[in-house]
Amino acid sequence: MFCDAVFCFTLGTIAWSDTGKGGWLMYCLYHVFHDVTYTEDDLLTILTQVCGKMAISMETYCPSTPRFDKAKSAACVYHRLSKDIYLQPN
C-alpha cells in the first residue's frame with residue numbers, strides 16, 4: 001500500500017475515470033469543495049463527504065465486460081492530524 005496526500009490507494013486496484021468527468025476522486029473533490037466554500041465543517045468532515053459522494057454517485061458502465069460493470073470505488077482518508085482544520089474564505 002502506498003499513500004498520496006491524504007488518500008491511500010492499494011496496489012493492484014483500479015482508479016476509475018469517466019471520459020466526460022475525469023478521475024472519480026478529483027471529480028468528487030472538486031464538487032464537494034465547490035459546494036462547501038462557506039461551511040463550518042472541518043477538513044476531515046469534508047473529506048468524508050467526498051468519500052460518500054464517490055460511493056453513492058459513481059458507478060461504472062461496462063456491459064461488454066461483466067467483471068467491471070456496475071463497479072464502485074471508495075477513497076480511504078488517512079491522517080495524523082492532532083487538531084481540526086477549518087477552511088476560512090478570505
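**Core, cysteines and a greasy patch**

Ile85 sits in the segment after β5 (76–77), where strands (E, at least two residues) and helices (H or I, at least four) are DSSP runs numbered from the N terminus. This is a predicted model, where local features need pLDDT of at least 70, side-chain atom pairs count only at pLDDT 80 or more, and totals for chains, interfaces and linings use all residues. Residues are numbered from 1 along each chain as its sequence is written, and side-chain values use heavy atoms, leaving out hydrogens and water.

Visitor: Is Ile85 buried, partly exposed or exposed?

Guide: Buried means under 20% relative accessible area, exposed over 50%, and partly exposed in between (1.4 Å probe, protein chains only). Ile85 comes in at 32%, so it counts as partly exposed.

Visitor: Which helix gives the largest share of the largest nonpolar core?

Guide: A nonpolar core is a set of buried Ala, Val, Leu, Ile, Met, Phe, Trp, Tyr and Cys residues joined through side-chain atoms within 4.5 Å. The largest one has 16 residues, with Leu25, Val50 and Met54 making the most contacts inside it. Two elements give two or more residues to this core, α1 (24–35) and α2 (43–57). The largest share, six residues, comes from α2.

Visitor: How many disulfides are there?

Guide: A disulfide needs a pair of cysteine sulfur atoms within 2.5 Å. The sulfur of Cys28 has its closest cysteine sulfur in Cys51, 9.1 Å away, so that is too far for a bond. Searching the whole structure gives a count of zero.
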